[in-house]
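Here are some short exercises to work through with the coordinates open beside you. Try each task before you read its solution.

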Amino acid sequence: MANKVTMNICGQEYTLVADESAAYMEKVGALVYERMRQVLDALHVSQTDAAVLAAVLFLWPVQIMDLMSNNQQLSILGAPYLKLIGISYIFNMLSSVYASAQRSAENPSFGMKLFGTSTLINTGLNYLLIFGKLGFPMLGIQGAAMLLGLDVLMRGLFRLLRLDLAIKDNKIEV
């Protein structure tokens, strides 16, 4: 006979149904809760780190480029790119944490599919916008930066949509 245990995991009510004892299911629920808390705690730290990095890259792009190159002209050329992509690091961090959580939930292919598709789309669109092919405007390095930001934003939106749908269905596996 299946046992039913309802529990709160990270603010969401879940009902676990299994043949195992209620005590065992509560232990499993406690373990899931603890692992989710660890992921959420890491996410809060990562959000802060990414926001600080984005602000530094946006405010001082030439100085940051100078740290990586002794060619001032190269730093000046790369600064607009660095300034634009810095903001995308916040969304990139969210996608990376979510892909890591999926690996922990025994869904390792999610990250590969997400980042692989993202790379293919970004590569194709980079060609179109950097060089102005097929009627698109030739934007050079700024086109590449804009596309990288858009790519990372789209990954973040996909992740949020997928998570929202799973929460609405009260599924633990997302």
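Among contacts in the protein chain between residues at least 6 apart in sequence, 46% join residues at least 24 apart. Please keep in mind that this is a predicted model.

**Exercise 1. The overall layout**

Task: Find how many helices and strands the protein chain has, and in which pattern they follow along the sequence.

Solution: Start with the count: the protein chain has six helices and two strands. Next, read along the sequence, and the pattern β-β-α-α-α-α-α-α appears. To finish the overview, look at burial: of the 174 residues in the protein chain, 29% are buried.

**Exercise 2. Helix α3, end to end**

Task: Compare the reach of helix α3 with its expected span, then find where α3 has a kink.

Solution: Helix α3 covers residues 72-85, which is 14 residues. From the first C-alpha of α3 to the last is 20 Å, close to the 20 Å expected at 1.5 Å a residue. Now look for a bend: α3 has a kink of about 40° at G78, shortly before the proline P80. Then go to the N-terminal end of α3, which is capped by N71. There, a side-chain oxygen of N71 lies 3.0 Å from the backbone nitrogen of Q73.

**Exercise 3. The surroundings of S75**

Task: Decide whether S75 is buried or exposed, and list what S75 touches beyond four places in sequence.

Solution: First place the residue: S75 belongs to helix α3. Its relative accessibility is 0%, so S75 counts as buried, the cut-off being under 20%. The buried residues of α3 also include G78, A79, L82 and I85. Leaving out residues up to four places away in sequence, S75 touches V62, M65, D66 and S69.

Now take one of these partners, S69, which sits in the loop between α2 (61-68) and α3. At 19% relative accessibility, S69 still counts as buried because the cut-off is under 20%. With the same exclusion of residues up to four places away, S69 touches L74 and S75.

**Exercise 4. Two kinds of ring contact**

Task: Find the ring that has a charged end over it, then count the aromatic pairs and name the partners.

Solution: The ring of F58 has the charged end of K83 over it, 4.9 Å from the ring centre. For ring pairs, the count is one aromatic pair. Y127 and F131 form this pair, with 6.0 Å centre to centre and 55° between the planes. The pair is tilted because its angle is neither under 30 degrees, as for stacked rings, nor over 60, as for edge-to-face ones.

Why are the two separated by about one helical turn? Y127 and F131 are four residues apart in helix α5 (residues 109-131), so about one helical turn lies between them. As for burial, Y127 is partly exposed, with a relative accessible area of 44%.

**Exercise 5. Helix α5 and what follows**

Task: Check the span of α5 against its number of residues, then find where phi is positive after α5.

Solution: The 23 residues of α5 should span 33 Å at 1.5 Å a residue, and the end C-alpha atoms of α5 are 33 Å apart, so the two agree. The buried residues of α5 are F110, G111, L114, S118, N122, N126, L128 and L129.

Step past the helix: G132 follows α5 and has a positive phi, near 70°. Continue to L134, in the loop between α5 and α6 (140-168). Phi of L134 is near 55°, a positive value in a residue other than glycine. Most residues other than glycine have a negative phi. With a relative accessible area of 75%, L134 is exposed.

**Exercise 6. Pairs apart in sequence**

Task: For L125, A51 and L157, name the helix of each residue, then give the C-alpha separation from L147, G86 and F91 in turn.

Solution:

- L125 is in helix α5 and is partly exposed at 32% relative accessibility. L125 and L147 are 22 residues apart along the chain, with their C-alpha atoms 7.2 Å apart.
- A51 is in helix α1 (residues 22-59) and is partly exposed, with a relative accessible area of 36%. A51 and G86 are 35 residues apart in sequence and 8.8 Å apart C-alpha to C-alpha.
- L157 is in helix α6 and is partly exposed, with a relative accessible area of 46%. L157 and F91 are 66 residues apart in sequence and 8.8 Å apart C-alpha to C-alpha.

Definitions and conventions:
Residues numbered from 1 in each chain as written. Predicted model: local features only at pLDDT ≥ 70, side-chain atom pairs only at ≥ 80, totals over all residues. Heavy atoms only, no water. Phe/Tyr/Trp six-rings, centres within 6.5 Å; stacked < 30°, edge-to-face > 60°. Buried < 20%, exposed > 50% of the residue type's maximum accessible area, 1.4 Å probe, protein only. Lys NZ or Arg CZ within 6 Å of the ring centre and 35° of its normal. Expected span 1.5 Å × (residues − 1). Bend = angle between axes of the 7 residues up to and from the residue. Polar contact = N/O pair within 3.5 Å; in protein donor to acceptor, adjacent residues only side chain to side chain. Contact = heavy atoms within 4.5 Å.
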